[in-house]
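Student: Please take a close look at one helix and what surrounds it. I would like one connected account.

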Amino acid sequence: MKRILIIMAMEAEARPVIDQLGLAALPANQQLQSGFPRFRGEFEGKEIIISLNGKSREYGVDRIGTEYAALNTQSAIIEFAPDLIINAGTCGAFSADAEIADIITTDQPVVYHDHRVPLKGFSEFATGHHPAIYRPEYFQGVVHKLGVVTTGNSLDMPVVDRQVIQQNRGMAKEMECASVAAVASLYEIDFFPIKSVTDHIDIELNNVDQFLDNLNLASIKLSETLIQVLTNIK
Ligand code: ADE
């Protein structure tokens, strides 16, 4: 049976799909100090594992960002040996590119926009360019956009990040994808992202407020999309 690992950063993003798929919580892996909540079940002849980045012990919030996404992905690969990895979550986008709750995936490598090392070789390494697969048949019946997914560890967008994002023709600005793609690539496992837009990164209204206002809607859209994509994967 095909085993699909879905890496998600925030519990609120994941809750609708965990509930709809009826996945069961797995006991914590005692070898891991790090507490990644994991859920497993069967759906349409596939084994589905959702693994969350978990909560900060100190601050009680979801451990968004690249460090815990990478740790989460590597430990889940070692434990479950998935055939395919999906990184599902929310993102920001330019208002000309996408509406709130639109779905974005990619047919191009995933990059970082806040790793700048202008030294020969290191510059390309820092940008990442981690591979992602695009199988149109997986997205049959899903209205979606294709664009560059660009990762950094900040919700805001200083001018320098905006310049890099525009140079790289970034469409989905988010905080985990390149690190998940990097780990999937290390283990030579097929990988692709599914992102739903919570905020427009180029309009005046603070994108923290936009993010909070739209998180629920985007998470429901993400859940519907994931279920359609998981159904389409044969
Ligand atoms: N996730 C959702 N919106 C985001 C943004 N504007 N930047 C980074 N990650 C996000």
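Tutor: Buried means under 20% relative accessible area, exposed over 50% and partly exposed in between, with a 1.4 Å probe and protein chains only. Helices (H or I, at least four residues) and strands (E, at least two) are DSSP runs, numbered from the N terminus. The model is predicted, so local features need pLDDT of at least 70 and side-chain atom pairs count only at pLDDT 80 or more, while totals for chains, interfaces and linings use all residues. Residues are numbered from 1 along each chain as its sequence is written, and side-chain values use heavy atoms, with hydrogens and water left out.

Helix α4 spans residues 159–167, and its buried residues are Asp 161, Val 164 and Ile 165. These residues lie on the same side of α4 because they cover an arc of only 100° around the axis, the arc being that of the directions from the helix axis to the C-beta atoms. The general background is that an α-helix has 3.6 residues a turn, so residues three or four places apart point the same way. Val 159 and Gln 167 are exposed on the other side of α4.

The cover over the buried residues of α4 includes the strands β7 (111–112), β9 (148–151) and β10 (170–174); contact here means heavy atoms within 4.5 Å. Just after α4, Arg 169 takes a positive phi of about 55°.
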